[in-house]
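The following note sets out points on the model for a colleague's consideration. Each point is kept to one part of the structure.

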Amino acid sequence: MRRPSSSSAPAATRSGGVSAASAPARPSTARPSTTRTPAGVGPLLRDWRTRRRVSQMHLALDAGVSPRHLSCIETGRARPSPAVLLALAERLDVPLRERNRWLLAAGHAPRYGEAGLGDAALVQVRAALQRLLDAHDPYPGLVVDRHWNLVLGNRAAQALVAVLPPHLCRPVINVMRVSLHPEGMASRTANFADWAGTMLEMLARQVAQSGDPQLQALQDEVLAYPTVQALARAPARPPAESPTLLVPCVLDLPQGRVSMFTTLTTFGTPRDVTLQELSVELFYPADAASEALLRGRAPG
């Protein structure tokens with residue numbers, strides 16, 4: 001099982017994790033996300049500009065501010081307006097959560113709310129996600145947050161979760177963890193080297209792009225797993241003469257071997273922190289035998 005972009009069959013908690021039953025809609029408690037920040041926005045801006053490998057001159061020209069003013073912001077000699085900060089953040093593709101952090105560090109009010117999936121404000125969004133997952137049955141469908149915690153899932157996803165040991169499902173199901181842990185799906189993944197490689201590459205890319213300390217901690221954790229360390233020690237394999245179109249996830253389940261590929265989807269125009277951080281992962285059968293097995297038919 002891969003990064004359940006957000007799914008576990010139960011209900012969603014706020015920013016990640018699954019509860020035992022669907023939470024009823026409640027009056028919206030959405031409020032701007034207020035992550036604690038260090039004093040001054042300059043170091044934050046400089047860190048993101050460096051991470052994106054953009055020069056001061058290029059960013060200033062792209063955002064319509066003078067290079068001198070940008071330099072003064074980064075060194076703390078100028079206090080930028082919200083409009084300037086958001087223009088810079090837009091050019092650097094900074095996530096909404098981090099944009100709120102910038103605004104707070106500069107002494108401004110945060111701009112973007114962070115509603116829970118159980119809030120009344122997101123009731124239509126949650127319903128749409130659940131319809132998408134339910135319509136995808138009998139193939140697994142998941143919704144995950146930015147830390148790979150399972151938020152929603154359909155019945156087929158629940159069946160995958162059912163084979164996991166209980167201690168890997170507490171306090172929440174983390175897709176990256178259960179996919180790579182030796183007591184999780186790693187022991188059931190027939191092509192673990194290929195599948196784990198793609199997941200580790202994705203996680204490393206997310207850590208590099210976001211600088212998120214929780215993602216970094218997750219990466220450090222999974223890299224210490226014996227299953228992952230064994231991959232690092234294994235000799236490099238020669239490239240395949242004819243590479244496959246996709247890297248499938250090949251699982252040995254109680255009912256038989258299933259090969260699946262996945263798609264990942266995000267919201268196109270989010271203006272809420274929670275929505276921007278959700279991803280939907282849908283699994284599809286990679287061959288006719290896997291389709292028959294997932295549909296409950298004997299392979300023909």
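1. His58 and Leu61 are exposed on one side of helix H2, in what is a predicted model. On the other side of the helix, Leu59, Ala60 and Ala63 are buried. H2 itself spans residues 56–63. Viewed along the axis of H2, the buried residues fall within an arc of 100°, and they therefore line one face of the helix.

2. Against which helices do the buried residues of H2 pack? Their partners are H1, H3 and helix H4, the last of these covering residues 82–91. After H2 comes Gly64, which has a positive phi, near 80°.

3. Two of the helices just named are also joined by a salt bridge. The side chains of Arg49 and Glu74 meet with an N to O distance of 2.6 Å. This pair links distant parts of the chain, since Arg49 belongs to helix H1 (residues 42–51) and Glu74 to helix H3 (residues 67–75), with their positions 25 residues apart in sequence. Are these two residues buried or exposed? Both Arg49 and Glu74 are buried.

4. A contact of another kind involves Arg51 and Trp48. The charged end of Arg51 sits over the ring of Trp48, at 4.6 Å from the ring centre.

5. The structure holds 13 salt bridges. Side chains of opposite charge can pair when their charged atoms come close. One of the salt bridges is formed by Glu98 and Arg101, at 3.0 Å from N to O. Both residues lie in helix H5 (residues 96–105), where they are three residues apart, about one turn of the helix. Glu98 has a relative accessibility of 12% and therefore counts as buried. Arg101, by contrast, has a relative accessible area of 21% and is partly exposed; the cut-off for burial is under 20%.

6. Glu277 and Arg146 form a further salt bridge, their closest N and O atoms being 3.2 Å apart. The pair links distant parts of the chain, 131 residues apart. Glu277 is in the loop between helix H12 (273–276) and strand S7 (279–285), whereas Arg146 is in the loop between strand S3 (141–144) and strand S4 (150–153). Glu277 counts as buried because its relative accessibility is 11%. Which residues are linked with Glu277 and Arg146 in a network of salt bridges? The network also takes in Arg97, Glu114 and Asp212.

7. The strands on either side of the Arg146 loop deserve a separate comment. S3 and S4 run antiparallel and are joined by three bridges. Val144 has Leu150 of S4 as its bridge partner. Five residues lie between the strands of this hairpin, and Trp148 takes a positive phi near 75°.

8. In a regular strand the side chains alternate between the two faces of the sheet. S3 is covered on both faces. Gly141 and Val143 are buried on one side, and Leu142 and Val144 are buried on the other.

9. How many aromatic pairs are counted? The count comes to one. The pair consists of Phe261 and Tyr284, whose ring centres are 5.6 Å apart and whose planes stand at 15°, so the arrangement is stacked; planes under 30 degrees apart meet that description. Phe261 lies in strand S6 (residues 256–265) and Tyr284 in strand S7, so that the pair links distant parts of the chain, 23 residues apart. Phe261 is partly exposed at 26% relative accessibility, and Tyr284 is likewise partly exposed, at 28%.

10. Arg237 is placed in the loop between helix H11 (226–233) and strand S5 (249–253). With a relative accessible area of 57%, Arg237 is exposed, the cut-off being over 50%. When its neighbours within four places in sequence are set aside, Arg237 is in contact with Ala193 and Asp194.

11. Finally, Ala127 is found in helix H6 (residues 123–136). Ala127 is partly exposed, at a relative accessible area of 29%. Leu117 is 10 residues from Ala127 in sequence, and their C-alpha atoms are 9.6 Å apart in space.

Note on methods
Residues are numbered from 1 along each chain as its sequence is written. This is a predicted model: local features need pLDDT of at least 70, side-chain atom pairs count only at pLDDT 80 or more; totals for chains, interfaces and linings use all residues. Side-chain values use heavy atoms; hydrogens and water are left out. A salt bridge is a side-chain nitrogen of Lys or Arg within 4 Å of a carboxyl oxygen of Asp or Glu. Helices (H or I, at least four residues) and strands (E, at least two) are DSSP runs, numbered from the N terminus. Buried means under 20% relative accessible area, exposed over 50%, partly exposed in between (1.4 Å probe, protein chains only). The arc is that of the directions from the helix axis to the C-beta atoms. Contact means heavy atoms within 4.5 Å. Rings of Phe, Tyr and Trp (its six-membered ring) pair if their centres lie within 6.5 Å; planes under 30 degrees apart count as stacked, over 60 as edge-to-face and the rest as tilted. A charge sits over a ring if NZ of Lys or CZ of Arg is within 6 Å of the ring centre and within 35 degrees of the ring normal. Two strands pair if DSSP finds at least two bridges between them.
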